[in-house]
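Thanks for making time this morning. I would like to take you through one model, beginning with a single helix and working outwards from there.

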Amino acid sequence: MAEYSCLIVEDSPMMRQLLVFALARVKNLRVTEADDGVDGLRKLASARYDIIVTDINMPIMDGLKLVKRVRSDPVHKDTPIVIITTEGSQEDRQRALQLGANAYITKPIQAPQVIATVKELLKID
Amino acid sequence: MSKEQKSHGSGKADSSPPDLRKERDQFLQTFSKGAKLTEEFIKDYEQMQRRMGELEAENTRLRASLSADTAMRDLMDKIDRLEHEKRELLSRYREAQAVSTQFSARAEEVESEFANLANLFVASNQLHSSMSPRGVTRRIKEVLAQLVGAERYCMYLVNADGSELVPIASEGIAGDKLITLRVDNSRVGEVLRTGIAYVDEEGDPSRGTLEQPSAVVPLSVDEKVVGVIAIFATLAQKRKFFTIDFELFKLLGQHAAAALVAASLFAQAERKLPGLEAFLDLSV
């Protein structure tokens, strides 16, 4: 059975823990955590990931910069990216999607929605 | 031929004895009758043959029709059986579909319950994962912002004589609005006095105000209300409070102040753990 890997980039330990709990419901998904954009890029440079779930508002490097960098990385340029953020406006959503994000989920998150989005992007039943 | 024979043959000059003539006539009559009878018999025979042919044809037709009727009856029986089977299959399919729908709904409920439990576990885990007052406060704010979706809120603790609420931590509120509140008949004061949370279940919580908060949660320590958390407005996308929010309010009410008090006492004791003697007389 295929195994998938997911990178969670989120500065809040609580949100990371919640996302790890949620994504543990997706079969054969291995989750790695990074606590900001820079840490995320470091992890992306050392391994290949099938999906990235990232926050926007983070210190050092925010989620949108991370999306830009990922889209110019030959290894991960096609990797699906899910944005999870408190910014709920239509402009924020548009901006993230234009930069190359594949899905946009606003906080507070509903675990079933996160699970369904990740499954859909990974094409898992 | 002799003359006699000739005249006998023509019958004009019948010279034979009368009895022979009579016998001949009788014979001729009988023969003629026999011939007639034979002719009739042949006619009857031919008629009978025709009739038999007709009857055979009719018989064949009737047999064919009979077998067609039987085949038709068989087909009708088969259709009935198939219709019955179809009805049974449809009914079983509908039953299976209903079970599947029930199962899906139940699975969805379980997933939702699991998500709620995960939220509560994470919140509780975070509240008690720090022993510094600042750390606990930061975590309370995290729960409010990330799990509840609160945008503007303030945590107040009551003063020693219970007359005023002092702001301890807040988010999204201008400094000049962060003032000590008198414990009066306002929504906040009422929650402090009664110890019963107020949650606006009907309105849009993102449209709450400082005067009309969307939710006010009492904070208790050892069953005594020591403060409140007032949520003045949620994030714009949070248009109502859900079951999990009520659970989170309950959890915050019971754990937030206790965690804060424990962290403060620990800080006052200069992060020194109590000696073993403090636990020896628990009588449990």
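**One helix, then the whole assembly**

The buried residues of α5 in chain A are A:A111, A:V114 and A:V118. They sit on the same side of α5(A), because the arc they cover around the axis is only 65°. Please keep in mind throughout that this is a predicted model.

What do these buried residues of α5(A) pack against? Within chain A the partners are β1 (4-9), α1 (13-23), β3 (51-55), β4 (81-85) and β5, and α2 of chain B joins them. As for the geometry of the helix itself, α5(A) has 12 residues, which at 1.5 Å a residue should span 16 Å, and the end C-alpha atoms are 17 Å apart, so the two values agree.

Both flanks of this helix deserve a look at the backbone. Ahead of α5 (111-122), in the loop that comes after β5 (103-106) of chain A, we find A:P108, and the peptide bond leading into A:P108 from A:K107 is cis, with omega near 0°. On the other flank, α5(A) is followed by A:K123, which has a positive phi, near 55°. As a reminder of the background, most peptide bonds are trans, and most residues other than glycine have a negative phi.

Chain B offers two further cases of positive phi. B:E223, in the loop between β5 (215-221) and β6 (224-234) of chain B, has a phi near 65° although the residue is not glycine. Is B:E223 buried or exposed? B:E223 counts as exposed, because it has 7 C-beta neighbours inside 10 Å, and the cut-off for exposed is 12 or fewer. The second case is B:E270, whose phi is near 55°, and which lies in the loop between α5 (243-268) and α6 (277-280) of chain B. B:E270 is exposed too, with 6 other C-beta atoms within 10 Å.

Let me turn to how the chains meet. The contact brings together 16 residues of chain B and 15 residues of chain A. On the side of chain B that touches chain A, α2 (18-127) and α3 (133-148) each supply at least two residues, and the largest share, seven residues, comes from α2(B). By class, that side of chain B is made up of seven nonpolar, six polar and three charged residues.

Finally, chain B as a whole. Six helices and six strands make up its secondary structure, and along the sequence they follow the pattern α-α-α-β-β-β-α-β-β-β-α-α. The C-alpha trace of chain B spans about 180 × 50 × 30 Å along its principal axes, and its radius of gyration is 59 Å, where a compact globule of 284 residues would have a value near 19 Å. Of those 284 residues, 22% count as buried.

How is chain B divided into domains? Domain 1 covers 28-127 and domain 2 covers 132-268, and 75 Å separate their centres, taken over C-alpha atoms. The two domains of chain B are nevertheless in contact, with seven residues taken from domain 1 and 14 residues from domain 2. On the domain 1 side of that contact, the residues divide into three nonpolar, four polar and no charged.

Conventions:
Residues numbered from 1 in each chain as written. Chains lettered and ligands numbered in written order. Predicted model: local features only at pLDDT ≥ 70, side-chain atom pairs only at ≥ 80, totals over all residues. Helix = DSSP H or I, 4+ residues; strand = E, 2+ residues; numbered from the N terminus. Buried ≥ 20, exposed ≤ 12 C-beta atoms within 10 Å, placed from the backbone. Nonpolar A, V, L, I, M, F, W, Y, C, P; charged D, E, K, R; others polar. Expected span 1.5 Å × (residues − 1). Arc of directions from axis to C-beta. Domains from an automatic or database assignment. Rg over C-alpha atoms; globule rule 2.2 N^0.38 Å.
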